[in-house]
Amino acid sequence: MNRLLPTSTAGSLPKPFWLAEPETLWSEWKLHGNELINGKRDALRVSLQEQQTSGIDIVSDGEQTRKHFVTTFIEHLRGVDFEQLKTIKIRDRYDASVPTVTGPVSRPDPVFLVDAKFLRQQTNQPIKWALPGPMTMVDTLYDDHYKSREKLARKFAQILNQEARELEAAGVDIIQFDEPAFNVFFDEVNDWGIDCLERAIDGLNCQTAVHICYGYGIKANKDWKKTLGSKWCQYEEVFPKLQQSNIDIVSLECHNSRVPMELLELIRGKKVMVGAIDVANNEIETPEEVAETLRNALRYVDPDKLYPCTNCGMAPLAREVARGKLQALSAGAAIVREELAANLGLVPQT
Ligand SMILES: [Zn+2]
């Protein structure tokens, strides 16, 4: 990216009402067979166009072809039985009925390659593609085969690497791994979580990102946040090791969250996708609010490494709200871009 402060989103965007029930996570498809295939493509086109008209610089598929950011990927793997459901606690937070790992996991065919090629054909802008991270995948399953979170995560890392290499070959500029589980299981993150991430990006030449957040704006996450106190220092536990890793970009939740901005100092040198849009409420930020979050982040992130972004995915929001938030993100970034240009001589050069 040559442009200073290139904007992007963390991942998902709302789906059109004719494809899936709006403002709902995991909502069922309303179409079937060929109609569903074509419908997903049309939704991807619409989602891309909304990002473009909102002035987003690094665009994505808005995750229009997936029901859920983790399970859709896992559905394409061998070794996981979606008929055998077990109730487990996800991220130590809420009960969910999840599929069972019953044998060795493998990826018989590419999962998102066709979708990524389709997105690549639609635009010359840089594109970002999100995949679930190995630890978050493990945390969404009942494992009756490996009986070791680490072993299973290492297998997933290999599979993700195969997928990521193909996405890169299809022209994806940034591959992002979503690891909300990094905000919960600190010892495991440091023992093997970041190691698995390194395995997943092994041999890639495109930019790589990890997204660590406090989750969608759903009730279980909002309730959890209430228990975290006035300062959220979860990032502090994993940043030192992440700073040493080969990951290029770290995508974080910042606006309206209680994360102390100075924690960004711990990943100095990395590019940072700074969440300047709250996805957990319907209030649309003003451009000035976005600008203020970005200015705060600039105290710890060099201007050429700051990527204005959303805190998390926006799938559960109403479309007008998500569109308003995208526009606010662009407008806020534009304010700070102008300020940086005006102060060019004052900006510390790196
Ligand atoms: Zn997120």
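Let's start where two helices meet: select α5 and α6, and you will see them cross in the right-handed sense. Bear in mind throughout that this is a predicted model.

**Stop 1: the α5–α6 crossing**

Colour α5, which covers residues 149-169, and α6, which covers residues 186-200. Their axes come within 7 Å of each other and cross at roughly 25°. That angle makes α5 roughly parallel to α6, because angles under 35 degrees count that way. To see who makes the contact, show side chains on the α5 side for R149, E150, A153, R154, A157, Q158, L160, N161 and A164. Across from them, on α6, pick E188, W192, C196, R199 and A200.

**Stop 2: one residue of α6**

Stay with E188, which sits in helix α6. Is E188 buried or partly exposed? With 19 C-beta neighbours inside 10 Å, E188 counts as partly exposed, since 20 or more would be needed for buried. Setting aside neighbours within four places in sequence, its contacts are M135, R149 and G193. Now draw a distance from E188 to C213: the two are 25 residues apart in sequence, and their C-alpha atoms are 17 Å apart in space.

**Stop 3: along α5**

Select α5 alone and put a distance label between its end C-alpha atoms. How far apart are they? The label should read 30 Å, which agrees with the 30 Å expected for 21 residues at 1.5 Å a residue. Next, highlight the buried positions of this helix: L152, A153, K155, F156, A157, I159, L160, E163, A164, L167 and E168. As you look down the axis, remember that an α-helix has 3.6 residues a turn, so residues three or four places apart point the same way. Some of these buried residues also belong to the contact with α6, including A153, A157, L160 and A164. Step just past the end of α5 and you reach G171, whose phi is positive, at about 100°.

**Stop 4: the sheet under α5**

Keep α5 on display and add β2 and β4: the helix lies across both, running at about 70° to β2. These two strands belong to an open sheet of 3 strands, ordered β1-β2-β4, with mixed pairing. β1 and β4 (142-143) are at the edges with a single partner strand each, so one side of each has no neighbour in the sheet.

Zoom in on β1 (residues 78-90) and β2 (residues 94-106), which pair in the antiparallel sense over 8 bridges. You can walk along this pairing with three selections:

- R78, which stands opposite S106 in β2.
- T87, whose bridge partner in β2 is S97.
- K89, which faces D95 in β2.

Between the two strands is a hairpin with 3 residues, where R91 takes a positive phi near 45°. On the other pairing of β2, 2 bridges join it to β4, and these strands run parallel. There, T100 has Y142 in β4 as its bridge partner.

**Stop 5: the parallel sheet**

Now hide those strands and show another sheet. Which strands build it, and in what order? It is an open sheet of 6 strands in the order β3-β5-β6-β7-β8-β9, with parallel pairing. At its edges are β3 (128-132) and β9 (306-309), each paired on one side only. Turn the view to look along the strands: the twist averages 25° from one strand to the next.

For a closer look, select β6 (residues 207-212) and β7 (residues 249-253), a parallel pair with 4 bridges. Here I212 stands opposite L252 in β7.

**Stop 6: α1 and α3**

Finish with another helix pair, α1 (residues 33-53) and α3 (residues 113-122). Their axes come within 11 Å and cross at roughly 45°, which makes α1 oblique to α3. The crossing is right-handed. Show R41, L44, R45 and L48 of α1 together with F118, L119 and Q122 of α3, and you have the residues that make the contact.

Technical notes: Residues are numbered from 1 along each chain as its sequence is written. This is a predicted model: local features need pLDDT of at least 70, side-chain atom pairs count only at pLDDT 80 or more; totals for chains, interfaces and linings use all residues. The expected span of a helix is 1.5 Å times one less than its number of residues. A residue is buried if 20 or more other C-beta atoms lie within 10 Å of its own, exposed if 12 or fewer, and partly exposed in between; C-beta atoms are placed from the backbone. Two strands pair if DSSP finds at least two bridges between them. Axes are lines fitted to C-alpha atoms, for helices over the stretch in contact, and angles run from 0 to 180 degrees between N-to-C directions. Angles under 35 degrees count as roughly parallel, over 145 as roughly antiparallel, 65 to 115 as roughly perpendicular and the rest as oblique. A crossing is left-handed if the near helix is turned anticlockwise from the far one by less than a right angle, and right-handed if clockwise. Two residues are in contact if their C-beta atoms, placed from the backbone, lie within 7 Å.
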